[in-house]
Amino acid sequence: MAANAIREGKIVVFPTETVYGIGANALDEEASRRIFEIKGRAGDNPLIVHVSNIEMAERIAEIPREYRSAIERVWPAPLTLILKSRGRVAPSVTAGLDTVAVRMPAHDVALALIRESGVPVAAPSANLSKKPSSTSAAHALSYFNGKADIIIDSGRSAYGLESTVLDLEEFKVLRPGAFTPDDIEEIFGSVPSIESETFEKPKSPGTKYRHYSPSTPLFLSEVEVKELASILKDFGRSYEIGFIGSSDSCKRLRRYAKHRISLGRSDDLYSIASNLFDALIKIDEKGADFAVIEGFEERGIGIAIMNRIKKASDHKKFSNVSELEMLVRHLPGC
Ligand code: TXA
Ligand code: MG
């Protein structure tokens with residue numbers, strides 16, 4: 001049913017191993033445009049095209065000969081490759097670029113959907129623009145009820161963070177994601193460079209937009225949990241404080257932050273990743289005046305975790321009381 005819907009130009013939300021995607025036939029301009037409309041997505045931010053086999057990828061993009069065997073080995077995986085486009089996908093999908101982002105998702109339901117529809121499926125993450133990505137069908141339903149034609153519920157996403165976007169021409173990570181630099185080195189035999197976030201005109205257009213933001217003002221704590229407890233103590237008298245962090249930190253802050261959401265054990269970064277977007281969505285149900293999120297070690301998948309946390313907090317961070325005071329002073333209504 002969902003594959004038929006894709007063929008008929010309809011919009012289908014489907015699971016992948018990273019996050020849920022909101023998909024349409026990548027060869028159909030009208031259908032692809034609907035995705036931009038429904039998400040409220042800027043037209044200059046191209047979509048990832050999902051394929052179910054290498055031949056499908058080759059129909060829409062040029063696969064460099066020197067990387068072909070590595071790509072055959074690695075896919076399906078949470079790794080999106082920027083390849084030269086053959087100009088076959090709908091123009092809105094590539095936002096006018098001569099490259100196209102291609103990925104083969106490691107999820108049976110996603111692969112079956114693409115295979116059965118027989119066309120490549122363009123799909124950004126299933127969230128309204130600027131909001132946290134969906135890691136469950138319930139999240140997608142809260143964003144797209146009545147707007148998407150079909151939502152496939154396949155439980156929680158395994159990684160909970162989007163794929164890594166790798167530009168093969170420059171061998172550069174444009175967006176850190178579920179596939180770590182170590183994973184890339186293992187498959188391709190060399191270490192990728194990583195695009196700096198402060199770049200004025202990023203090669204991956206999506207990285208310049210605000211992202212993953214809850215409505216609750218969110219600040220990144222750069223101090224140890226013990227010090228955070230003493231900083232929050234004073235604020236607790238005047239504000240309802242939310243906290244997102246490891247299970248251990250949640251426990252230690254129970255007297256200082258009224259609303260706490262645990263991401264899991266701090267030494268299990270894959271668990272932290274898989275709970276992050278759900279926490280960023282749930283924090284808005286708590287009614288906190290502001291929320292604090294703690295940082296994690298920037299290694300392996302921690303690089304992608306911190307990338308999302310920095311964006312979700314709009315780069316607002318503090319490392320002492322007066323810096324938090326400054327942030328709180330600028331809260332709406334203060
Ligand atoms: O895990 C994922 O990648 C999920 C699932 C659904 O596959 N999809 C996803 O799509 O995260 P989206 O649209 O939220 O992010 C796609 C990113 C954006 O930053 C976009 O700018 C970049 O990929 N991108 C797409 N085409 C590109 C291109 N031709 N050149 C450079 N960056 C591109
Ligand atoms: Mg997205």
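# Pockets, a cavity and enclosed elements

Q: In this predicted model, which elements are included in what covers the buried residues of α12?
A: The residues to be covered are the buried ones of α12, among them Ile-305, Met-306 and Ile-309. Counting as buried those residues with under 20% relative accessible area, one finds that the cover over them includes two helix or strand runs given with their bounds as α11 (269–282) and β12 (218–221), together with β15 (290–294) and β10.

Q: Why is α12 largely enclosed by the rest of the structure, and how many of its residues are buried?
A: The buried residues of α12 include charged side chains, Arg-308 and Lys-311, as well as Gly-302, Ala-304, Asn-307 and Ala-312. Since burial extends over most of this helix, α12 is largely enclosed by the rest of the structure, the count of buried residues being 9 of the 11.

Q: Which residue just after α12 takes a positive phi?
A: The helix α12 spans residues 302–312. Just after α12, a positive phi of about 55 degrees is taken by Asp-314.

Q: Which element gives the most to the lining of the largest pocket?
A: The largest pocket, with a volume of about 890 Å³, is lined by 48 residues, and those nearest its centre are Arg-41, Asn-45, Pro-46, Ser-204 and Gly-206. At least two lining residues come from each of β3 (48–50), β6 (99–103), β10 (172–175) and α12 (302–312). With 4 residues, the element that gives the most is β6.

Q: Where does the largest pocket lie with respect to domain 1 and domain 2?
A: The lining of the largest pocket is mixed in class, with 18 nonpolar, 16 polar and 14 charged residues. Because domain 1 (2–194) and domain 2 (218–329) both give residues to this lining, the largest pocket lies between them.

Q: What is the volume of the second largest pocket?
A: The second largest pocket is lined by 16 residues, and Val-223, Glu-224, Glu-294, Gly-295 and Phe-296 lie nearest its centre. By class, this lining has 6 nonpolar, 4 polar and 6 charged residues. The space in the second largest pocket comes to about 290 Å³.

Q: How many charged residues does the lining of the largest cavity have?
A: The structure holds 1 cavity of 30 Å³ or more, and the largest cavity has a volume of about 40 Å³. Among the residues that line the largest cavity are Thr-164, Val-173, Phe-179, Ile-194, Gly-300, Ile-303 and Ala-304, and because domain 1 and domain 2 both give residues to its lining, the cavity lies between them. By class the lining has 7 nonpolar and 3 polar residues, while the charged residues number none.

Q: Why is strand β2 largely enclosed by the rest of the structure, and how many of its residues are buried?
A: Strand β2 pairs with β1 (residues 12–14) in the antiparallel sense over 3 bridges, and β1 and β2 form a hairpin with 6 residues between them. Strand β2 (residues 21–25) is largely enclosed by the rest of the structure because its buried residues number 5 of the 5.

Q: Which residue in β7 stands opposite Ala-24?
A: Along its pairing with β1, β2 supplies Gly-23 as the bridge partner of Val-12. Strand β2 also pairs with β7 (residues 121–122), in the antiparallel sense and over 2 bridges. Opposite Ala-24, in β7, stands Ala-122.

Key: Residues are numbered from 1 along each chain as its sequence is written. Chains are lettered from A and ligands numbered from 1 in the order in which they are written. This is a predicted model: local features need pLDDT of at least 70, side-chain atom pairs count only at pLDDT 80 or more; totals for chains, interfaces and linings use all residues. Side-chain values use heavy atoms; hydrogens and water are left out. On a 1 Å grid over the protein atoms alone, a cavity is a set of points where a 1.4 Å probe fits but cannot get out, and a pocket is an open set with protein on both sides within 12 Å along at least five of seven lines; lining residues have an atom within 4 Å of a point. Grid points are joined across faces, edges and corners, and a volume is the space filled by probe spheres set on the points. Domain bounds come from an automatic or database domain assignment. Buried means under 20% relative accessible area, exposed over 50%, partly exposed in between (1.4 Å probe, protein chains only). Two strands pair if DSSP finds at least two bridges between them. Contact means heavy atoms within 4.5 Å.
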